[in-house]
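Trainee: Could we take a close look at one part of this model together? I'd like to start with one piece and then see what surrounds it.

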Amino acid sequence: MAKELESRIKTLDAVFTDSFGEAPSRHFQAPGRVNLIGEHTDYNDGFVLPCAIDYQTLVAVSPREDQIVRVVALDYENQQDEFSLTSAIQSHPSQQWSNYVRGVIKHLQLQGMTIGGADLAITGNVPQGAGLSSSASLEVVIGETFRQLYQLPMSKSEVALNGQAAENQFVGCNCGIMDQMVSACGAQHHALLLDCRSLDTQLISMPESLSVMIINSNVKRGLVDSEYNTRRLQCEEAAQVLGIKALRDISLTDLERQKAQLSELVYRRAHHVVSDSERTLLAADALRNNDISTLSRLMAESHQSMRDDFEITVAPIDFIVELLSSYLGENGGVRMTGGGFGGCVVAVMPHNLVDGAKQLLAQQYQTQTGIKEDIYICKASNGAGEL
Ligand code: GLA
C-alpha cells in the first residue's frame, strides 16, 4: 500500500478509536473520477468515457449490534452525526456532508435492504467543488461499505444507482449516472466506456505511454446547479419535439435533417449532446488503438462543442485548453471535464511532455487570470472496494 494512503488510514483509525472507543474492523474506499470525453451525455442516455482516479474517500467501519449509525467526518473538524435506522431518516438540519450518508442509507432501506447499525469514520482527498466527483465517491463508499458489511444482494451498478437516487432525491441535485458508475466500477489502468441507457460497461485499456493530467482552474463555480438543470430541460425539450425518448435516439445526420423543428438554442444544445456521444465511441476506439492524434482531435472538438453549442465553459478554462492544445499539438488531448462553469481541464499526454505543460501553466495561467491552478497527475484506478 502506498505510504500516503497508509498514513491517511492511520489518522482515520486514530479518530475512529478516539470517537468510538475501539479500533475499526474494516476499511473501504471509493474513488473520484475524471471524464475523458462525453459531457452532459449521461442524462441523455448516451455514452461517456471516464476513469476512476487515485484520489478517494476512505471509510473505517465497525458493525454495531443495534440499529444506530454513528459517523465522524475528519474533513469537517471531526463533526459527528448519529441517527437510528428504526424511524424514517430525515435530512440533517445543518451538516450537508451528513446528508450524503443519510441519503444513501435511507435509499438502501427504501430498496428493501436489511441493514444493521455501524460506526463509521470518513475522510477524502478528492478535491471538493472541482468537478471530480467527491460527492459520488462518498455516496458510493457508503453504499459499498453497507453492501459488504451486511452482504446485501446488490451489484456494483446497483450501489451506483442507489447513490444517484440519494443525490437526486435526498440531497436534491439532479445529476446523471456517470460519476457513481465509474466510482463503483472503474478499473486500474483502464477507462470505462459506459452506455448510460443499458449501464453496460467496457473497460478500455489506457496506453501506458500516457499521463493523465488534471488542471484545477480554481474558478469559483457559481450557478452550477441552476445552469445544469436548465441544460437538462433544454435536452428534454429537444427530445420531446423530435418525438424520441432521449437524445440518444437520434443520429447527427437525422438531427441536421430535423433542425428546423427546434429553436436555434435548443438545436445547439442537442447538437452538442448527440455529437459528443458519437465522439465518445470514436475516442474509445482511438484509445484502444493507441491513436493519439485522433484522440487529440476528438477532445478538441468536444471542447469547442461545450464552449460554443452547450455554453458551459468559462474564460479561464478556455485559456488553459488553448494553451495546452497548442503545446501538445497532435501528441495529446485536452478539454474541460465535468459539469462545467469552472472546475477542471483534463489532458492526456506522453509522460515526457508533463513537465513542459506544468511550466507553461505556471508561467501563464495566473498572470492571465489572477488565479493559481492546481495540478494532479492521476492514475486510472480501481472502483470501490475493501482495502
Ligand atoms: C456532473 C454530473 C454527471 C454528468 C456531468 C456532465 O458531473 O454529476 O452526471 O452529467 O456533470 O457530463
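Trainee: How many residues does helix 8 have, and how far does it reach from its first C-alpha to its last?

Mentor: Before we dive in, this is a predicted model, where local features need pLDDT of at least 70 and side-chain atom pairs count only at pLDDT 80 or more, while totals for chains, interfaces and linings use all residues. Residues are numbered from 1 along each chain as its sequence is written, and side-chain values use heavy atoms, with hydrogens and water left out.

Now your helix. Helix 8 covers residues 264-288, which makes 25 residues, and it reaches 36 Å from its first C-alpha to its last. Helices here are DSSP runs of H or I with at least four residues, strands are E runs of at least two, and both are numbered from the N terminus. The reach is close to the 36 Å expected at 1.5 Å a residue, where the expected span is 1.5 Å times one less than the number of residues. Of those 25 residues, 18 are buried, so helix 8 is largely enclosed by the rest of the structure. (Buried is under 20% relative accessible area, exposed is over 50%, and partly exposed is in between, using a 1.4 Å probe and protein chains only.) After helix 8 comes Asn290, with a positive phi near 55°.

That sign is worth a pause. Most residues other than glycine have a negative phi. Asn78 also has a positive phi, about 55°, although it is not a glycine. You'll find Asn78 in the loop between strand 4 (68-73) and strand 5 (79-84), and its relative accessible area of 38% makes it partly exposed. Asp45 is another non-glycine with a positive phi, near 65°. Asp45 sits in the loop between strand 1 (26-35) and strand 2 (47-48), and at 15% relative accessibility it counts as buried.

Stay with that loop, since Glu39 lies between strand 1 and strand 2 too. Glu39 counts as buried, at 2% relative accessibility. Its contacts (heavy atoms within 4.5 Å) include His272, Asp276, Met306 and Arg335, leaving out residues up to four places away in sequence. The side chains of Glu39 and Arg335 are joined by a polar contact of 2.7 Å. That term means a pair of N or O atoms within 3.5 Å; within protein, one must be able to donate a hydrogen and the other to accept it, and residues adjacent in sequence count only if both atoms are side-chain atoms.

Next, the sheet. Four strands form an open sheet in the order 10-11-9-12, with antiparallel pairing; two strands pair if DSSP finds at least two bridges between them. Strand 10 (333-337) and strand 12 are at the edges with a single partner strand each, so one side of each has no neighbour in the sheet. From one strand to the next, the twist averages 20°. Strand 10 and strand 11 (residues 344-350) run antiparallel and are joined by five bridges. Thr337 has Cys344 as its bridge partner in strand 11.

Helices lie on this sheet as well. Helix 9 (residues 292-308) goes across strand 9 (210-216), strand 10 and strand 11, at about 30° to strand 10. Helix 11 packs on the sheet too, touching strand 9, strand 11 and strand 12, and its direction makes about 15° with that of strand 9. For these angles, axes are lines fitted to C-alpha atoms, for helices over the stretch in contact, and angles run from 0 to 180 degrees between N-to-C directions.

Lys372 is in the loop between helix 11 (354-369) and strand 12 (374-378). At 46% relative accessibility, Lys372 is partly exposed. Its side chain makes a polar contact of 3.3 Å with the side chain of Glu373. The C-alpha atoms of Lys372 and Asn216 are separated by 8.9 Å, although the two residues are 156 residues apart along the chain.

Last, the nonpolar cores, meaning sets of buried Ala, Val, Leu, Ile, Met, Phe, Trp, Tyr and Cys residues joined through side-chain atoms within 4.5 Å. The largest has 46 residues, and Val101, Ile105, Ile142 and Phe146 have the most contacts inside it. A second, separate core has 43 residues, including Val273, Met306, Leu353 and Ala357.
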